[in-house]
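This report walks through one protein chain, beginning with a pair of strands and ending with a helix. Please keep the structure open beside the text while reading.

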Amino acid sequence: MTEIVKASLENGIQKIRIRAEKGYHPAHIQLQKGIPAEITFHRTTPSNCYKEILFEEEGILEPIGVDEEKTICFTPQELGEHAFSCGMKMQKGSYTVVEKTRKSLSLLQRFWITSIFTVPLVIIMIGMSTGGISHQVMRWGTFLATTPIMLVAGGPYIQSAWASFKKHNANMDTLVALGTLVAYFYSLVALFAGLPVYFESAAFIFFFVLLGAVFEEKMRKNTSQAVEKLLDLQAKTAEVLRDDSYVQIPLEQVKVGDLIRVRPGEKIAVDGVVVEGVSSIDESMVTGESLPVDKTVGDTVIGSTINNSGTLVFKAEKVGSETVLAQIVDFVKKAQTSRAPIQDLTDKISGIFVPAVVILAILTFWIWFVLLEASFVASLLYGVAVLIIACPCALGLATPTALMVGTGRSAKMGVLLKNGTVLQEIQKVQTLVFDKTGTLTEGKPVVTDIIGDEAEVLGLAASLEEASQHPLAQAIVKRASEAELELHTVENFQAMHGKGVSGQINGKQVLLGNAKMLDGMDISSAYQENLKNLKKKLKQLCTWLLTMKSKACLPCKIFPRKMPSSPSVS
């Protein structure tokens with residue numbers, strides 16, 4: 001008879017993992033109608049037969065690489081048995097859709113119920129040690145407190161252990177279920193036989209195992225929140241050309257080839273190529289570089305970056321899951337659900353460790369009862385002790401918890417890990433190579449040096465840049481504000497795209513910008529040589545202030561400030 005494996009329900013989503021190697025394992029799964037499902041395939045074989053995953057009835061065909069994971073998401077609606085397969089339909093599996101089952105208690109609910117009944121056990125233990133509670137009260141008290149815990153917390157572990165047993169397999173749930181059941185039922189017999197009871201052992205095992213599971217679920221939610229924050233960066237609508245006019249439509253309706261208009265201050269909706277207009281775009285959310293990037297016809301733009309100055313019209317080339325931001329989000333999701341190599345090793349060890357513990361427990365009982373001629377009760381207690389001690393094993397809890405903490409913490413700090421393998425291999429790293437902006441520096445430029453009269457240079461420059469939102473302009477205005485300088489009125493203001501700005505201050509023509517601004521200016525060769533020498537000497541990002549009346553050119557050096565928390569990097 002073919003066994004059907006049920007998907008687990010986590011936070012309202014059905015989840016199950018399928019390994020693709022010499023067939024699909026498991027090959028037959030069960031899903032509930034109307035509940036979103038996430039089926040994660042892990043391809044471990046190089047066979048090209050498995051290079052695609054096909055859910056024909058759902059209209060899903062996804063490529064999957066060797067040793068890659070691919071999550072298929074859909075909401076099953078049609079009851080009955082349905083097929084999935086590889087792209088060539090040579091390897092097949094099935095999923096059976098059934099009606100929704102009765103809602104069961106969540107992990108957190110089971111933990112709190114277990115915690116509530118654990119409190120009386122702690123009080124009874126303290127009372128026993130201080131002599132405030134009689135032995136008879138302790139026996140019946142621990143029985144009454146442990147029984148609800150066995151029913152509420154023990155059910156899923158016992159079901160999992162039984163399912164593994166039917167497949168002639170063993171996992172950590174097998175140890176938990178076996179140890180707690182033996183301890184509980186032995187104590188139940190001992191309760192009426194006048195022997196020592198050990199109900200509290202079963203209760204505390206479930207408490208600590210559930211505590212570990214709650215920690216793991218919390219780390220999963222933290223990582224999910226990091227993904228949601230990335231999704232919040234995405235534009236929600238786009239201004240698309242429809243029937244010779246631009247209309248606002250939801251982002252989901254944007255198609256490849258659409259012409260999209262974006263005004264200053266708006267987000268780029270999707271990835272594409274500029275077909276009209278000139279502007280500068282803040283791409284810091286992708287590159288970390290705080291300085292805007294100039295864009296003109298033919299240049300590529302990245303979805304969710306911010307248009308700073310001019311109006312652009314661009315042609316959509318990548319939409320939906322193909323955009324850069326969507327791929328970044330997909331990276332985080334894959335890391336969240338991926339398995340590190342050590343987890344596969346853990347599963348293999350569990351398959352050996354669990355039977356070994358059971359055999360060792362039986363051997364312990366036999367040695368004490370047969371060879372050492374201890375009583376049956378004492379020998380049974382020693383055997384049960386072996387099972388209980390091995391129960392909440394760190395081997396099965398520590399690895400997934402560490403993976404979730406690592407990926408979640410990294411995402412919050414701006415480090416995206418592609419999968420669990422990367423996280424595991426980081427321990428071998430000997431040399432770190434950093435990008436500069438936003439990592440070792442604050443990512444915001446500041447004025448660090450001014451050559452010439454500071455008050456004059458800052459006063460003129462800040463007056464020109466007072467209304468600008470450009471990061472360099474804001475750095476200059478901030479420095480002038482800190483120096484409490486009085487700004488001048490600017491007349492005939494002009495912005496020269498890609499070069500700088502100009503205007504008249506107190507009757508003098510003043511220009512502020514980069515080295516390109518000096519091209520074509522009537523400046524003596526001797527003065528041009530001095531400018532080149534200054535630029536070589538500074539070796540930093542420079543803004544040049546040129547006053548035409550006095551022919552004075554005064555450079556100020558602007559550079560991102562190093563983070564106080566950044567260590568010295570050679």
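## Strands, rings and cores

In the pairing of strand β10 with strand β11, Ser 85 has Lys 92 of β11 as its bridge partner. The model in which this is seen is a predicted one. The two strands, β10 with residues 80-86 and β11 with residues 92-98, run antiparallel to each other and are joined by 6 bridges. Another position along this pairing is held by His 82, which stands opposite Tyr 95 in β11. Together β10 and β11 make a hairpin that has 5 residues between the strands, and in its turn Lys 89 shows a positive phi of about 60°.

Each of these two strands also has a further partner. Strand β7, which covers residues 52-55, pairs with β10 in the antiparallel sense over 2 bridges, and here Ile 53 has Cys 86 in β10 as its bridge partner. Strand β5, which covers residues 28-32, runs parallel to β11 and is joined to it by 5 bridges, with Gln 32 standing opposite Val 98 in β11. Strand β11 is mostly covered, since 5 of its 7 residues are buried.

### Aromatic rings around Phe 84

The structure holds 23 aromatic pairs, and two that share Phe 84 are set out below.

| Ring pair | Distance between centres | Angle between planes | Kind of pair |
|---|---|---|---|
| Tyr 24 and Phe 84 | 5.3 Å | 65° | edge-to-face |
| Phe 41 and Phe 84 | 5.6 Å | 75° | edge-to-face |

Why does the pair of Tyr 24 and Phe 84 count as edge-to-face? The planes of the two rings stand at 65°, and an angle over 60 degrees places a pair in that class. The angle of 75° between Phe 41 and Phe 84 leads to the edge-to-face label by the same reasoning.

Both pairs link parts of the chain that are separated in sequence. Tyr 24 belongs to strand β4 (residues 24-25) and Phe 84 to strand β10, so their pair ties together parts that are 60 residues apart in sequence. Phe 41 belongs to strand β6, so its pair with Phe 84 in β10 ties together parts that are 43 residues apart in sequence.

Are these rings buried or exposed? Tyr 24 counts as buried, at 4% relative accessibility, while Phe 84 is buried with a relative accessible area of 1%, and Phe 41 is likewise buried with a value of 1%. These three rings belong to one aromatic cluster, formed by Tyr 24, Phe 41, Tyr 50, Phe 55, Phe 74, Phe 84 and Tyr 95.

### The loop residue Thr 45

Thr 45 is found in the loop between β6 (37-43) and β7. This residue is buried because its relative accessible area is 12%, and the cut-off for buried is under 20%. When its neighbours within four places in sequence are left aside, Thr 45 is in contact with Ala 20, Glu 21, Tyr 50 and Val 66. A polar atom of the Thr 45 side chain also lies 3.3 Å from the backbone nitrogen of Ser 47.

### Two nonpolar cores

The largest nonpolar core has 28 residues, and those touching the most other members are Ile 149, Tyr 157, Val 176, Val 197, Phe 199 and Phe 206. Two or more residues come to this core from each of the helices α1 (107-130), α2 (135-152), α4 (172-193), α5 (199-232) and α9 (376-389), and α5 gives the most, with 9 residues. Leaving aside its neighbours within four places in sequence, Tyr 157 is in contact with Arg 110, Asp 173, Val 176, Ala 177, Phe 206, Val 209 and Leu 210. A second, separate core has 23 residues, including Ile 18, Ala 27, Phe 55 and Tyr 95.

### Helix α12 and the whole chain

Helix α12 (residues 454-465) has 12 residues, which at 1.5 Å a residue should span 16 Å, and its end C-alpha atoms are 16 Å apart, so the two values agree. This helix is largely enclosed by the rest of the structure because 9 of its 12 residues are buried, among them Val 457, Leu 458 and Gly 459.

Over the whole chain, the secondary structure comes to 14 helices and 26 strands, and 39% of the 570 residues count as buried. Of the contacts with a separation of 6 or more, 63% are between residues 24 or more positions apart.

Definitions and conventions: Residues numbered from 1 in each chain as written. Predicted model: local features only at pLDDT ≥ 70, side-chain atom pairs only at ≥ 80, totals over all residues. Heavy atoms only, no water. Pairing = 2+ DSSP bridges. Helix = DSSP H or I, 4+ residues; strand = E, 2+ residues; numbered from the N terminus. Core = buried A, V, L, I, M, F, W, Y, C linked by side-chain atoms within 4.5 Å. Buried < 20%, exposed > 50% of the residue type's maximum accessible area, 1.4 Å probe, protein only. Contact = heavy atoms within 4.5 Å. Polar contact = N/O pair within 3.5 Å; in protein donor to acceptor, adjacent residues only side chain to side chain. Expected span 1.5 Å × (residues − 1). Phe/Tyr/Trp six-rings, centres within 6.5 Å; stacked < 30°, edge-to-face > 60°.
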